[in-house]
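Visitor: I am new to this structure and would like a close look at a single part of it. Please begin there and then lead me onward to the surroundings.

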Amino acid sequence: MIAAESFAGRFLAVVSRRSPGLRPPLRADHRWNGRATLTRRTRLTSDKPLGPFWQLRLRHQAKKRRKFRDALREATESLSPDFRMQNRVALDRIKAGFILGGQAAEQPSLDVTVAATLEVAAMNVQSRWAPSDSPLLTRAERALAPLAVDLLVAASMEASMCARLFYAKPFCAAEIRDVMIDVSMDLKLAAAALKDRASNFQGDDLRSVELDAVQDLNGVLWDESTRWPAGWASRIRLMSVQQSPGHWKVQPVSAGDWAALLQDV
């Protein structure tokens, strides 16, 4: 009798654990997948720190990114007006890579596609960079594209690490998102700096630039102190719209209008 009760008690205990009908009701913030676990939404609200090991890894990767960011900023600021004017299209291609990377890094969902997008942006910069082939290029002008690629690759590695952490430690989502926001801001600032260097020629001396070889002058900002090659000052003024007293912006010109400008000047 004792043995039977013992067996029956053990049997009921096993059935009560395995039978859905005999399980105790779960709270609304739980789900059942073989064992009771907190839902993803509940875990994300608990925002715990990553821990010293992963914080150190992320700080190390961020340090590499900032190193390339600062080097790229220094190189961008030291570009000569002649180089910037002759390579406006090439600078725009690098800028487009940073815009694409910045938009990907700021996405609320973190997955491997963010890192993949940054890798694609880096490859596009590397493959499409075509500066003027001149032996007189400065060190900064030669290093511009490699530094841009290095920055995008470093951001890609950081995004890949954050994506793995996001799925392994979803309760640390806030700290992980802060890292990616910092990445996005660095990429957007790099894009803004390149846009300014490719379009802002206020106060620059461009008299030695062969503007006939420049593919696109649309969007060029200039002022009364900008110096143009012989015969180009009046032509540029006809192509431009005044933004404020003494400050002008070159507007898009069609092929027919351009031919007319060449005849009139």
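Guide: Ser80 is placed in the loop that runs between helix α3 (52-77) and helix α4 (81-86). The model in view is a predicted one. With a relative accessible area of 26%, Ser80 is partly exposed, because partly exposed residues are those between the 20% limit for buried and the 50% limit for exposed. Along the chain, Ser80 and Asp204 are 124 residues apart, yet in space their C-alpha atoms are 9.2 Å apart.

From this loop one may turn to the helices. Ala190 belongs to helix α8, and its relative accessibility of 11% makes it count as buried. Ala190 and Gly102 are separated by 88 residues in sequence and by 9.5 Å in space, C-alpha to C-alpha. Helix α8 covers residues 173-199, and helix α5 covers residues 88-105. These two helices pack against each other at an angle of about 160°, and their axes are 8 Å apart. An angle over 145 degrees counts as roughly antiparallel, and α5 and α8 are therefore roughly antiparallel to each other. The crossing in which α5 passes α8 is left-handed.

A further helix, α7, spans residues 139-168 and contains Ser156. Ser156 is buried, with a relative accessible area of 4%. Its C-alpha atom is 6.1 Å from that of Glu119, although Ser156 and Glu119 are 37 residues apart along the chain.

The aromatic rings form the next topic. A pair of aromatic rings is described by the distance of the centres and the angle of the planes. Across the whole structure, a search finds 4 aromatic pairs. In one of them, the ring centres of Phe166 and Tyr167 are 5.6 Å apart and the planes stand at 90°, so this pair is edge-to-face. The two partners are unlike in exposure: Phe166 is buried at a relative accessible area of 10%, whereas Tyr167 is exposed at 51%. Another pair joins Trp222 and Trp228, whose ring centres are 5.9 Å apart with planes at 85°, so that pair is edge-to-face as well. Trp222 and Trp228 are both buried. Ring pairs also bring in Trp248, linking Trp222, Trp228 and Trp248 into a cluster.

Trp248 has a charged neighbour too. Arg237 lies over the face of Trp248, at 4.7 Å from the ring centre. A comparable arrangement is found at Trp232, where the charged end of Arg235 sits over the ring, 4.2 Å from its centre.

The cysteines complete this view. How many disulfides does a search of the whole structure find? The search finds 0. Cys162 counts as buried, its relative accessibility being 0%. Cys172 is likewise buried, with a relative accessible area of 1%.

To return to the starting point, Ser80 in its loop between α3 and α4 is partly exposed, whereas Ser156 in helix α7 is buried.

How values were computed
Residues numbered from 1 in each chain as written. Predicted model: local features only at pLDDT ≥ 70, side-chain atom pairs only at ≥ 80, totals over all residues. Heavy atoms only, no water. Phe/Tyr/Trp six-rings, centres within 6.5 Å; stacked < 30°, edge-to-face > 60°. Buried < 20%, exposed > 50% of the residue type's maximum accessible area, 1.4 Å probe, protein only. Lys NZ or Arg CZ within 6 Å of the ring centre and 35° of its normal. Disulfide = S-S within 2.5 Å. Axes fitted to C-alpha atoms, helices over the stretch in contact; angles between N-to-C directions. Helix = DSSP H or I, 4+ residues; strand = E, 2+ residues; numbered from the N terminus. Parallel < 35°, antiparallel > 145°, perpendicular 65-115°, else oblique. Left-handed = near helix turned anticlockwise from the far one by under 90°.
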